[in-house]
Protein chains: 2
Amino acid sequence: MPATPAVPDGKRPTLADLATRAGVSTALASIVMRGAKGASAATRERVLEAAREIGYRPDARARLLRSHRSHLLGVQFGLQHPFHADLVEGIYATAEPAGYQIALSAVTAERGEQRAVETLLDDRCEALILLGPQAPASRLTELAGQLPVVSVARHLRPPVPGLEVVRTADDKGARQAVDHLVALGHRAIAHIDGGKAPGAADRRRGYRTAMSRHGLTEHIRVVPGGLTEAEGAEAAQVLAASQPRPTAVLAFNDRCATGVLDVFLRSGIPVPGAISVVGFDDSHLARLAHIDLTTVGQDIPRLAHLAVDRAIARLDGRDTGTGEQVVAPHLVVRGTTAPPSTAPAT
Amino acid sequence: MPATPAVPDGKRPTLADLATRAGVSTALASIVMRGAKGASAATRERVLEAAREIGYRPDARARLLRSHRSHLLGVQFGLQHPFHADLVEGIYATAEPAGYQIALSAVTAERGEQRAVETLLDDRCEALILLGPQAPASRLTELAGQLPVVSVARHLRPPVPGLEVVRTADDKGARQAVDHLVALGHRAIAHIDGGKAPGAADRRRGYRTAMSRHGLTEHIRVVPGGLTEAEGAEAAQVLAASQPRPTAVLAFNDRCATGVLDVFLRSGIPVPGAISVVGFDDSHLARLAHIDLTTVGQDIPRLAHLAVDRAIARLDGRDTGTGEQVVAPHLVVRGTTAPPSTAPAT
DNA sequence: ACGCCCACATGGAACGTTCTACAATCGGTC
DNA sequence: GACCGATTGTAGAACGTTCCATGTGGGCGT
């Protein structure tokens, strides 16, 4: 039996065991374990020592049950989205130092948002952070009535009372991309959109207004796409075959953009020689040396930080009203954009 | 206040509220809610009705605290690994119908395995499922002494008592790939390995023995790689520049393989015209139409199912001794492999 | 009629914490 | 030397559930 520091019987040591061992009351042991004030330095040391000896670990469940504060944030995320993975990473980074635990609940093809949220609720989370929720606004409203809810990357209008929104200024990002391409000399700039995906509407709108602002209304071209490589590839096929072919493409996101890149390369259309490609997100994907994608960067750590911060603020009663936090995107110029090879058509 | 079916005060309804409402004791209400026997059909209906009315949801924490069985499986996974995401998806699919809940704990750059496991332990999980754990064997041994532990995709030798292993026959998979390439007429087949990644050693070994068995010992060539696209790309640069160039490459996994593909395409080396590429995993990536990668498929749903099954078996005392479940891989032939263009050198 | 068993129902004690009292000890102050 | 406030400690009741040991009643065999 390796490493068996437990109490006599096989069970996991409890606060009572610890208290007995240290020769104090359970109440005092509790005080020490949670770092509250009310214990002398001497006893504190003694209890801690005893805890180490018997390998005591507080029971999160029991602790949560008793204290009205659970310090638990429920996070719903899409298991297959790298973007969400990055966000979760950031959420851990902010929440744990702030003394909050994270309960993760995944959304998959077979496990809907409804189920994901239910398990979080059963776990007695104090607040919910939903990454790119697709649930109808009515459902979100209902949830927001029960506990603080933060929606990340989903733009809700009109604002839902009690629901915090944290998102990137998607329209602005699309505009930055268009500005960049126009500055390089492009005129025929197409957009592969994300359909109903969170943020897609704003990016589409941003693209349209930016094009208009540059007097390129007649060059506006939106091709139906999506948020995966396959959908990007499909759209790219359409663009590659079209006459005249645009000289630049703004894809809905990086995954979509890699699908586009792949099709162009295989079709013998050099990037950025014959056509420029811009992504969105600045995920790990875009940064890979061999993809080297010009993209609109979302400030993921900041989005994550804000989401946690908003949730905690609501819990502390620090903040009341409905709020929306909009984070500025920033263009990251890499190797997939360059001036068009031929003089732009009028 | 939309949808406010709660009890008078603002609190969430409790079992006692439900019992009062239905006119029964809390004990009986409990019986009904967990579907145990001991309640008549009439009261059962009445209680369920009342539960619906006040929107009662059992408190998972309290439930866990009281019942010695928590029916909670702790899962540690790498947030950035698509392969793990697929596994988690499969784990949900098996565990939830079996009446087990899943507690997720992510491993990230900043959050080590140690911390991930600690939180799972604090949540009073009954068993641990570790996806590709990197922790030292001593640590795993220690854990296995405390509760049932299942290691997925990590081959441990010698077997650790009390630790279940579920993995793919990586060596066999590598062999299948080599056999396929040899059957196509390839002789100069290189392998980009995965370094210290779980399974890498077995795949490397499988490649070596398969080559030897075909009398191609002198063509054995292992290039250091890794499990990401960037590492695959790097290795591909080395191969592309080498003289003579191999006519086929077996990459450590699909991500690695896509990095390889990308470099070859950019260098003007047609795939599979000039060189064939085989991946490993059969992740979503490989199936994308525009990548269309020949790869060694891991039976992810089966791995997930077995992992959960082993854990539950141990909990039910159905199974005692140390066990290892090895799942057979299967080659998935797609578009990145073809016969070599030139006659193979001797 | 009598006992007996079974299905149905209940009260109360856990589970391992934290929280709200309140008690004891100890300088220090008037 | 009584009083006070701060500090350190404790007892005991929660939290919301499940488990255990009992009550009930009515149907049925004798």
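**Note on helix H7 of chain B and the chain pair**

1. In helix H7 of chain B, which spans residues 137–146, the buried residues are Arg139(B), Leu140(B), Leu143(B) and Ala144(B). Because these residues cover an arc of only 135° around the axis, they lie on the same side of H7(B). The model is a predicted one, and the points below should be read accordingly.

2. The other side of H7(B) carries Ser138(B) and Gly145(B), both of which are exposed.

3. As for what covers the buried residues of H7(B), the elements include helix H6 (113–122) together with strands E3 (127–131), E4 (149–152) and E5 (163–168), which belong to chain B.

4. The packing of the two helices deserves its own point, since two packed helices are described by the angle between their axes and the distance between the axes. Here the axes of H6(B) and H7(B) cross at roughly 5° and come within 13 Å; with angles under 35 degrees counting as roughly parallel, H6(B) and H7(B) are therefore roughly parallel to each other.

5. On the H6(B) side the contact involves Gln114(B), Val117(B) and Leu121(B), which meet Arg139(B), Leu143(B) and Gln146(B) in H7(B). By character, the residues of this contact between H6(B) and H7(B) comprise three nonpolar, two polar and one charged.

6. Turning to the chain pair, chain B is superposed on chain A by a rotation of 180° with 0.1 Å of shift along its axis, at an RMSD of 0.1 Å. The two copies are thus related as by a two-fold rotation axis. The same surface serves both copies, in that 96% of the contact residues of chain B recur in chain A.

Definitions and conventions. Residues are numbered from 1 along each chain as its sequence is written. Chains are lettered from A and ligands numbered from 1 in the order in which they are written. This is a predicted model: local features need pLDDT of at least 70, side-chain atom pairs count only at pLDDT 80 or more; totals for chains, interfaces and linings use all residues. Side-chain values use heavy atoms; hydrogens and water are left out. Buried means under 20% relative accessible area, exposed over 50%, partly exposed in between (1.4 Å probe, protein chains only). Helices (H or I, at least four residues) and strands (E, at least two) are DSSP runs, numbered from the N terminus. The arc is that of the directions from the helix axis to the C-beta atoms. Contact means heavy atoms within 4.5 Å. Axes are lines fitted to C-alpha atoms, for helices over the stretch in contact, and angles run from 0 to 180 degrees between N-to-C directions. Angles under 35 degrees count as roughly parallel, over 145 as roughly antiparallel, 65 to 115 as roughly perpendicular and the rest as oblique. Ala, Val, Leu, Ile, Met, Phe, Trp, Tyr, Cys and Pro count as nonpolar, Asp, Glu, Lys and Arg as charged, and the others, Gly among them, as polar. Copies are superposed by least squares on the C-alpha atoms of residues with pLDDT of at least 70 in both.
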